[in-house]
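Thanks for coming, everyone. Please look at the sequence and the model on the screen while I talk.

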Amino acid sequence: MPIVQERKKNVKTIAVASGKGGVGKTNVAASLAIAMQKLGKKVMIMDGDLGLSNIDVLLNLTPKHTIQHLLTGSMLLKDILVEGPHGVQVLPAGSGIQEFTALNELQRLKILQAFDSYDGDIDILLIDTAAGISENVAFFCTAAQEIIVITSPEPTAIIDACALIEVLYTRYQEKEFRVLVNSARNSGEAFDVYRRLAVAAEKFLSVSLDYLGYLPFDESVPAAVRAQKAFVDIYPQGNISRKITEIAKKFLDDPDKVKGTLQFFIGNLLSVPAGAPRRSK
Ligand SMILES: Nc1ncnc2c1ncn2[C@@H]1O[C@H](COP(=O)(O)OP(=O)(O)OP(=O)(O)O)[C@@H](O)[C@H]1O
Ligand SMILES: [Mg+2]
């Protein structure tokens, strides 16, 4: 009798990155995950900020274990995941551990094995990356099928977003980015930020910058952070929550971009040797 192996379903992997720190990656990732989950998807957030993680703090979770236990021990992914709001699965990272701020090949292999043996049901994996353009950030961005680049309207954030795009293009051949402008005063200001980025990116001929949308500057975000909740959860009727839901829908309405599987994600992750330019997708 032939052995029929069930093929794992496609998992859309999305990295959230920024260049400059503090522009809203973690808040956006948390609320985007919840918005997608509310729209019927099964979502996992991976805290990709392996040195200074904080998604667990933001969502008031108290994980017993973190991704470090995958990297140093023999724990299974399913035993490390914690359930967040609305059933979002969270893969927490530890804080203050410098050792994992640049993953080596063996550590990537351990992540591969952990995901490979994971049999949970997820549709979307969101990776909240660290600030800057470290190797870990590059690995997670190149491994993911989609890259969201977040910037605020501040010139320093725009410059750093541009630097991130430049590095991912020139060193890792990434060509497609989706820009989300956070903390904008209005749609005009946000689109102007996008245009400035697009003009700057024109010198990289084959880079495509897609305008994903914007989130307004909104006092409810720091208030939600203080309450250790995602803004979409604490103020579901607010303008910013409606906007993140629209952004979530853009991904769900966009099945063509689903290019691979979870194994593809990890395989891709591994295919980038530390410090080396990456092959084209
Ligand atoms: N749309 C917004 N309106 C008002 N404040 C915001 C908004 N988005 C984020 N903030 C505030 O900006 C701060 C930084 O947000 P967050 O931690 O999500 O950024 P980050 O990019 O993940 O930072 P890091 O680079 O350190 O990981 C938080 O205190 C949050 O309250
Ligand atoms: Mg963060």
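**A walk through the model**

Buried residues make up 53% of the 281 residues in the protein chain. Keep in mind that this is a predicted model.

Let's take the overall layout. The protein chain has 12 helices and 8 strands. Now think about contacts with a separation of 6 or more. Of those, 80% join residues 24 or more positions apart. And the surface? The accessible surface of the protein chain is about 12400 Å². Carbon and sulfur atoms account for 53% of that area.

Next, the ligand. Where does ligand 1 sit? Ligand 1 is in the largest pocket. Three elements each give two or more residues to the shell around ligand 1. They are helix H1 (25–38), strand E7 (176–184) and helix H9 (220–226). In total, 17 residues surround ligand 1. The closest are Lys25, Thr26, Asn27, Asn182 and Asp218.

Now some polar partners of ligand 1 in the backbone. A polar backbone atom of Gly22 is 2.9 Å from an oxygen atom of ligand 1. For Val23, a backbone N or O atom lies 3.2 Å from an oxygen atom of the ligand. With Pro216, the ligand atom is a nitrogen, 3.0 Å from a backbone N or O atom. How much of ligand 1 does the protein cover? On its own, ligand 1 has 640 Å² of accessible area, and the protein covers 78% of it.

Back to helix H1. Ala35 lies in this helix. Is Ala35 buried or exposed? Its relative accessible area is 2%, so Ala35 is buried. Which residues does Ala35 touch, leaving out those up to four places away in sequence? The answer is Ile244, Thr245 and Ala248. Take Ile244. Along the chain, Ala35 and Ile244 are 209 residues apart. Yet their C-alpha atoms are separated by 7.0 Å.

Now a residue in a strand. Thr151 belongs to strand E6, residues 146–151. Thr151 has a relative accessible area of 0%, so this residue is buried. What surrounds Thr151? Set aside its neighbours within four places in sequence. Thr151 is then in contact with Ala157, Ile158, Ala161, Leu180, Val181, Asn182, Val193 and Leu197. Asn182 has come up before, among the closest residues to ligand 1. Ile158 has a further link to Thr151: its backbone nitrogen lies 3.4 Å from a polar atom of the Thr151 side chain.

Let's move to helix H6, residues 135–143. Why is H6 described as largely enclosed by the rest of the structure? Because 8 of its 9 residues are buried. The buried ones are Asn136, Val137, Ala138, Phe139, Phe140, Cys141, Thr142 and Ala143.

Last topic: backbone angles. Two residues other than glycine have a positive phi that I want to show you. Asn60 has phi near 55 degrees. Asn60 is in the loop between helix H2 (55–58) and helix H3 (67–72). Its relative accessibility is 48%, so Asn60 counts as partly exposed. Ser183 has phi near 60 degrees. Ser183 is found in strand E7, one of the elements that help form the shell around ligand 1. With a relative accessible area of 28%, Ser183 is partly exposed.

To recap, then. Ligand 1 sits in the largest pocket. Helix H6 is largely enclosed, because 8 of its 9 residues are buried. And Ala35 in helix H1 touches Ile244, 209 residues away along the chain.

Methods
Residues numbered from 1 in each chain as written. Chains lettered and ligands numbered in written order. Predicted model: local features only at pLDDT ≥ 70, side-chain atom pairs only at ≥ 80, totals over all residues. Heavy atoms only, no water. Helix = DSSP H or I, 4+ residues; strand = E, 2+ residues; numbered from the N terminus. Buried < 20%, exposed > 50% of the residue type's maximum accessible area, 1.4 Å probe, protein only. Contact = heavy atoms within 4.5 Å. Areas by Shrake-Rupley, 256 points an atom, 1.4 Å probe, with all protein chains shown as cover. Near = heavy atom within 4 Å. Polar contact = N/O pair within 3.5 Å; in protein donor to acceptor, adjacent residues only side chain to side chain. 1 Å grid on protein atoms, 1.4 Å probe; cavity = no way out; pocket = protein on both sides within 12 Å on 5 of 7 lines; lining within 4 Å. Sits in = over half its atoms within 2 Å of the grid points.
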